[in-house]
Amino acid sequence: MVLLNSNAQHIFWLGRYLSRTHFLCARFPFLEDEAAVAYAHAFCLPAFDASSLNELVLDPTQAASFSQQFKVAKDNIQELRGVLSASGYAELMKLIKTADKNAGYICEVVTECEDILEAESSDIFLFFSLGQCVEQLDHQLRLGEETSTTLCKIDYVVKILVEMGWDDLEQYWEQLRTEPNRIQFYQFSDHIHQLFEADV
C-alpha cells in the first residue's frame, strides 16, 4: 500500500492521541499531590493537586480530558475509512460507539484500538508506530523519565522512513538521538510535519 501524505499524517496523529490517552489512563486517578502537580506542570495544565487534576481530566470541556483526547483520535479514524481494512475500520467504529455511550470505557477501548491498528498493513503500522513513539518520547522528556528504549524504537522506524525517501529526517533524528532534549525534540517533530505537508 502506498499512502498519501495526508493519510500517513492522520495515522501518525492517531498513534499520538491513542498513546496520549493510554499514558493518562495508566496514571489515573492521581492519588499523590506531588505527582499530580509534576504532571500538571509538565503539560501546562491548570491543576494544583491530585483532586483538581482528576476533575480536569474528567471534564469533557477541557482539552486535556479523556473525552477530548479520544475525540481527536476518533476524528482521525473516521478520516481513514478508505485506508484501513474494512474489518479493522468496522471494529474501530464499534469501539468508538462503546466509548461514546460510556466515557468510562475509554481506557479499555484505547487498548483495543491499538491492538487493531497494530494488525493493519505494514505502512499503516509504520506511521502508527511513529506516532506512538514520538508521543512516548514527548512524555518522557517532559517528565524526566528514561528514554533509551523509545529512542531505539524511533531509530528503527526512522531507518525505514529514510529508505522510503525521507532522507532529510535522518539529520534531525541524529541530533535528537545524540542529545535528547526538548529543543531537539521540537525540531525533529516539526520536520516530520513538514514532510507530511510536502507534495511528494
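In this predicted model, Gln 184 touches Gln 175, Leu 176 and Glu 179, with residues up to four places away in sequence not counted. Gln 184 has its place in helix 10, which spans residues 182-197. The relative accessible area of Gln 184 is 14%. The cut-off for a buried residue is under 20%, so Gln 184 counts as buried.

Leu 169 belongs to helix 9, residues 169-178. Its relative accessible area is 0%, and Leu 169 is therefore buried. Beyond residues up to four places away in sequence, Leu 169 touches Val 158, Leu 161, Phe 188, His 191, Ile 192 and Leu 195. One of these partners, Ile 192, lies 23 residues away from Leu 169 in sequence. In space, the C-alpha atoms of Leu 169 and Ile 192 are 7.2 Å apart.

Phe 188 also appears in the account of the nonpolar core. The largest such core holds 66 residues. Within it, Phe 127 and Phe 188 touch the most other members. With neighbours within four places in sequence left aside, the contacts of Phe 188 are Val 134, Ile 154, Val 158, Leu 169, Tyr 172, Trp 173 and Leu 176. Leu 176 is also touched by Gln 184, and Val 158 is also touched by Leu 169.

Aromatic rings were examined next. The count comes to 13 aromatic pairs. One of them joins Trp 13 and Tyr 17. The ring centres of this pair are 5.9 Å apart, and the planes meet at 45 degrees. The pair is classed as tilted, because only planes under 30 degrees apart count as stacked and only those over 60 as edge-to-face. Both residues lie in helix 1, which covers residues 5-27. Trp 13 and Tyr 17 are four residues apart there, about one turn of the helix. Their exposure was also computed. Trp 13 has a relative accessible area of 23% and is partly exposed. Tyr 17 is buried, at 16%.

A further aromatic pair is formed by Phe 23 and Tyr 39. This pair is stacked, with 6.2 Å from centre to centre and 20 degrees between the planes. Phe 23 lies in helix 1, whereas Tyr 39 lies in helix 2, residues 33-42. The pair therefore ties together parts that are 16 residues apart in sequence. Phe 23 and Tyr 39 are both buried.

Trp 13 and Tyr 17 also take part in a wider grouping. One aromatic cluster is formed by Phe 12, Trp 13, Tyr 17, Phe 127, Trp 166 and Phe 196. Phe 127 in this cluster is also one of the two residues that touch the most other members of the largest nonpolar core.

Two arginines place their charged ends over aromatic rings. The charged end of Arg 20 sits over the ring of Tyr 17, at 4.4 Å from the ring centre. The charged end of Arg 27 sits over the ring of Phe 23, at 3.5 Å from the ring centre.

Two loops carry backbone features of note. A cis peptide bond joins Phe 28 and Pro 29, with omega about 0 degrees. Pro 29 lies in the loop between helix 1 and helix 2. Cys 44 lies in the loop between helix 2 and helix 3, residues 50-58. Phi of Cys 44 is near 55 degrees, a positive value in a residue other than glycine. The relative accessibility of Cys 44 is 68%, so this residue counts as exposed.

The chain as a whole was then considered. It contains 10 helices and zero strands. The pattern along the sequence is α-α-α-α-α-α-α-α-α-α. The C-alpha atoms fill a box of roughly 50 × 40 × 25 Å along the principal axes. The radius of gyration of the chain is 17 Å. A compact globule of 200 residues would have a value near 16 Å, so the chain agrees with that expectation.

Burial and contacts were summarised over the chain. Buried residues account for 49% of the 200 residues. The chain exposes about 10400 Å², and carbon and sulfur atoms supply 52% of this area. Among contacts between residues at least 6 apart in sequence, 60% join residues at least 24 apart.

Technical notes
Residues numbered from 1 in each chain as written. Predicted model: local features only at pLDDT ≥ 70, side-chain atom pairs only at ≥ 80, totals over all residues. Heavy atoms only, no water. Phe/Tyr/Trp six-rings, centres within 6.5 Å; stacked < 30°, edge-to-face > 60°. Buried < 20%, exposed > 50% of the residue type's maximum accessible area, 1.4 Å probe, protein only. Lys NZ or Arg CZ within 6 Å of the ring centre and 35° of its normal. Core = buried A, V, L, I, M, F, W, Y, C linked by side-chain atoms within 4.5 Å. Contact = heavy atoms within 4.5 Å. Rg over C-alpha atoms; globule rule 2.2 N^0.38 Å. Areas by Shrake-Rupley, 256 points an atom, 1.4 Å probe, with all protein chains shown as cover.
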